[in-house]
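Trainee: Could we go through one part of this model together?
Mentor: Certainly; please look at the structure first.
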Amino acid sequence: MPLPDARLKTRIQNRIRAQAARAGYQIMDTAGLDAILRDVARALVVGTMSPEAFAKDHIPGSVNFSLENSLLSRLLKKRAFRRFLGPDKDRPLVFYSLDPAYADCHSAALLAVRLGYQKVYRYPDGIVGWMRSGRAAAGTMHDEIQP
């Protein structure tokens with residue numbers, strides 16, 4: 001019998017996959033994000049958490065656009081989001097947040113798909129999963145502890 005944590009993790013993963021399928025975007029794993037970051041001149045990796053959280057911890061090479069997980073947030077920020085993403089509808093876009101429990105990256109990916117962007121991805125592990133995989137993070141929390 002799986003442990004409760006394993007069942008919860010499986011339920012969260014299934015929910016994320018279902019959200020992606022309904023919204024029309026893809027799920028990206030850590031290896032895929034590593035690869036896309038090597039072409040950061042072409043791709044856009046976006047942390048959707050608050051500016052304060054992004055300043056503390058973020059994936060190196062990513063930029064911030066705070067978008068809450070709500071219809072109202074998507075409606076209010078739609079025009080600014082379109083300008084932020086730019087006119088290239090074939091540019092790979094990857095959205096992430098803090099960890100799988102935060103769905104603001106789903107809202108961003110959903111809005112990008114609805115705006116006509118073709119290569120939209122969600123990195124559900126977020127900055128927490130990125131760091132747990134042994135990869136370096138950027139931000140003020142890391143600037144303070146580096147020699």
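Mentor: What follows concerns one helix and its neighbours.
Mentor: This is a predicted model, in which local features need pLDDT of at least 70, side-chain atom pairs count only at pLDDT 80 or more, and totals for chains, interfaces and linings use all residues. Residues are numbered from 1 along each chain as its sequence is written, and side-chain values use heavy atoms, with hydrogens and water left out.
Trainee: Where does helix H4 bend?
Mentor: Helix H4, residues 71-85, bends by about 60° at Lys78. The bend is the angle between axes fitted to the seven residues ending at a residue and the seven starting there. Helices are DSSP runs of H or I with at least four residues, strands are runs of E with at least two, and both are numbered from the N terminus.
Trainee: Which residues of H4 are buried?
Mentor: Ser73, Arg74, Phe81 and Leu85 are buried; the term means under 20% relative accessible area, with exposed over 50% and partly exposed in between (1.4 Å probe, protein chains only).
Trainee: And what do the buried residues pack against?
Mentor: They pack against strand S2 (44-47), strand S4 (93-96) and helix H5 (104-114). Contact means heavy atoms within 4.5 Å.
Trainee: Which residues of H5 are met by H4?
Mentor: Ser107, Ala108, Leu110, Leu111 and Ala112 in H5 are met by Arg74, Lys78, Phe81 and Leu85 in H4.
Trainee: Changing topic, is Asp104 buried or exposed?
Mentor: Asp104, in helix H5, counts as buried at 11% relative accessibility. Its C-alpha atom is separated by 7.2 Å from that of Met49, 55 residues apart along the chain.
Trainee: Finally, what follows H4?
Mentor: Gly86 follows H4, and the phi of Gly86 is positive, near 90°.
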